[in-house]
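This report is meant for a reader who is meeting the protein for the first time. Please look over the sequence and the model before reading on.

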Amino acid sequence: MSENTQQSINLNTVIKIIYKNLLLILLTTILMTAISAFFAFNSKSYKSEIILYGNDRVLNEIGENSQYSLNSFNFLSFIQKNSKMLKNTNLSEEKFLSEISGRLSAQSETGNPTIKIKFTTKDKNEGEEFSKEYTLLAQKYLGEKKNIFLDTQIKLLEEQYNFLSSNTDLRTTKDSLTDTLVSRLAYYRLLKNDTTPVVRLVSLSTKPALNKKLVLVGGFVLG
């Protein structure tokens with residue numbers, strides 16, 4: 001038997017099987033599509049995506065990695081104490097941290113100042129309102145970190161500067177360590193007076209966690 005004849009027989013066999021089970025196939029397809037539609041349109045899960053742009057020059061200077069800082073338990077505890085939009089802030093700290101760490105995450109790539117934050121919720125309004133609030137909370141948290149670091153460093157450098165200036169004429173000295181101290185003090189004062197937020201909002205969106213079209217197509221194909 002030639003190969004073409006064999007293929008023709010196989011194709012005819014497949015067509016006969018489909019024809020005999022056509023009703024069952026149609027019923028299964030309709031059932032799977034209906035289940036998918038019910039699941040897709042009754043899902044109450046939403047996801048928010050917040051895109052921030054971090055000032056890496058400042059973050060690196062104060063020793064803060066945006067991804068680590070915004071995923072830390074310290075920041076999540078800060079959110080619990082300061083958020084007005086989250087509905088679960090009345091939980092104990094342990095339960096809150098356990099729950100929110102599974103719903104809220106920040107991601108960034110090395111050398112890329114863009115920070116992607118993902119938040120999941122069953123309440124669309126909570127997703128939209130918390131997305132707006134999140135940027136302010138991140139700015140305040142990292143801003144406080146910045147101020148604490150700079151205040152400490154400026155105080156230390158000023159003490160060193162005052163000591164040197166009382167014993168040396170800094171206008172004529174050419175000591176490299178003194179030059180470094182003066183330039184570092186000036187730089188930290190400049191950062192301290194800079195009111196630009198350490199992170200700023202680029203975009204935000206809240207939408208259903210499930211893509212209804214993909215779920216329906218998947219249910220149809222599976223059926």
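## Packing around helix H5

The buried residues of H5 pack against helix H4 (66–71), helix H6 (93–100), strand S2 (104–107) and helix H7 (124–167). These statements, like those that follow, refer to a predicted model. Helix H5 itself spans residues 73–82, and its buried residues are Phe75, Leu76, Ser77, Phe78, Ile79 and Gln80.

## Overall architecture

The protein has nine helices and four strands, and when they are read along the sequence they follow the pattern α-α-β-α-α-α-α-β-β-α-α-β-α.

Of the contacts in the protein between residues at least 6 apart in sequence, 78% join residues at least 24 apart.

## Burial and surface

The protein contains 223 residues, of which buried residues make up 29%. The area that the protein exposes comes to about 14700 Å², and carbon and sulfur atoms supply 57% of that area.

## A positive patch

On the surface, Lys47, Lys116, Lys118 and Lys207 form a positive patch. One of these residues, Lys207, can also be placed in the secondary structure, since Lys207 lies in strand S4, which covers residues 199–208.

Why does Lys207 count as partly exposed? The relative accessibility of Lys207 is 47%, and the partly exposed class takes in values between the limit for buried residues, under 20%, and the limit for exposed residues, over 50%; Lys207 therefore counts as partly exposed.

Conventions:
Residues numbered from 1 in each chain as written. Predicted model: local features only at pLDDT ≥ 70, side-chain atom pairs only at ≥ 80, totals over all residues. Heavy atoms only, no water. Patch = residues over 30% accessible without salt bridge, like charges linked within 9 Å, V, L, I, M, F, W, Y side chains within 5 Å. Areas by Shrake-Rupley, 256 points an atom, 1.4 Å probe, with all protein chains shown as cover. Salt bridge = Lys/Arg side-chain N within 4 Å of Asp/Glu carboxyl O. Lys, Arg positive; Asp, Glu negative; His and termini not counted. Charge placed at Lys NZ, Arg CZ, Asp CG, Glu CD. Helix = DSSP H or I, 4+ residues; strand = E, 2+ residues; numbered from the N terminus. Buried < 20%, exposed > 50% of the residue type's maximum accessible area, 1.4 Å probe, protein only. Contact = heavy atoms within 4.5 Å.
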